[in-house]
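Reader: Could you take me through the salt bridges of this protein, with the cut-offs behind each term? I'd like a close look at that one part, with just enough of the rest to place it.

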Amino acid sequence: MNKITLDEAVGYFDSQCPNQFSREDKVNWINELDEMIFENIIKSRVNPEITEFSPYDNDSDGDKELLVPFMFKEIYRFYIEKSVAFSNREITAYNNASQMFRAFYDEYFSWYNRNHKTSSAESFSI
């Protein structure tokens, strides 16, 4: 499955939402998001793709693949967009970007759940 790289995520965001924030700021936000995805989604699976999350380095990890497949790349765009809006104190833009982020995050989470078995199999009896 194709994954988006760090450079592609930052470049895609910059092309969609021109802004004054540094690449380092955007990489930090992507680190936040991928760590959250690792902790909340990936880590609890049987034989996870990765067993620990290592933050991306702003200077040397441009070609490194992020955790989310390319088909869900909007997750990165809207996470950065909501972070930019929050930093700029643009509440309406923040709320809109947050809703879009949540929609794409939920879509990714549902897809991941369908395709990766959880490590804690819950059972019940009737």
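Author: Happily; here is the setting, followed by the salt bridges themselves.

This is a predicted model, in which local features need pLDDT of at least 70 and side-chain atom pairs count only at pLDDT 80 or more, while totals for chains, interfaces and linings use all residues. Residues are numbered from 1 along each chain as its sequence is written, and side-chain values use heavy atoms, with hydrogens and water left out. The mean pLDDT (the predictor's confidence in each residue, from 0 to 100) is 91, and 94% of the residues reach 70 or more.

The protein has four helices and two strands, arranged along the sequence as β-α-α-β-α-α. These elements are DSSP runs numbered from the N terminus, helices being H or I with at least four residues and strands E with at least two. Among the elements, helix H3 (residues 74–87) has the highest mean pLDDT, 97, and strand E1 (residues 3–5) the lowest, 93.

Now to your pairs. Side chains of opposite charge can pair when their charged atoms come close. Here a salt bridge is a side-chain nitrogen of Lys or Arg within 4 Å of a carboxyl oxygen of Asp or Glu, and a search of the whole structure finds seven.

One of them joins arginine 23 to aspartate 7, with the closest N and O atoms 2.8 Å apart. This pair links distant parts of the chain: aspartate 7 sits in helix H1 (residues 6–16) and arginine 23 in helix H2 (residues 23–42), 16 residues apart. For exposure, buried means under 20% relative accessible area, exposed over 50%, and partly exposed in between (1.4 Å probe, protein chains only). Arginine 23 is partly exposed at 28%, and aspartate 7 is also partly exposed, at 36%.

Helix H3 offers another case: arginine 77 and glutamate 74 form a salt bridge whose closest N and O atoms are 3.8 Å apart. The two are three residues apart in helix H3, so about one helical turn separates them. Both arginine 77 and glutamate 74 are buried. Glu74 and Arg77 are also linked with Glu81 in a network of salt bridges.

In helix H4 (residues 91–115), aspartate 106 and arginine 102 lie four residues apart, so about one helical turn separates them. Their side chains meet in a salt bridge at 3.3 Å, N to O. Aspartate 106 is partly exposed at 35% relative accessibility, and arginine 102 is partly exposed at 43%.
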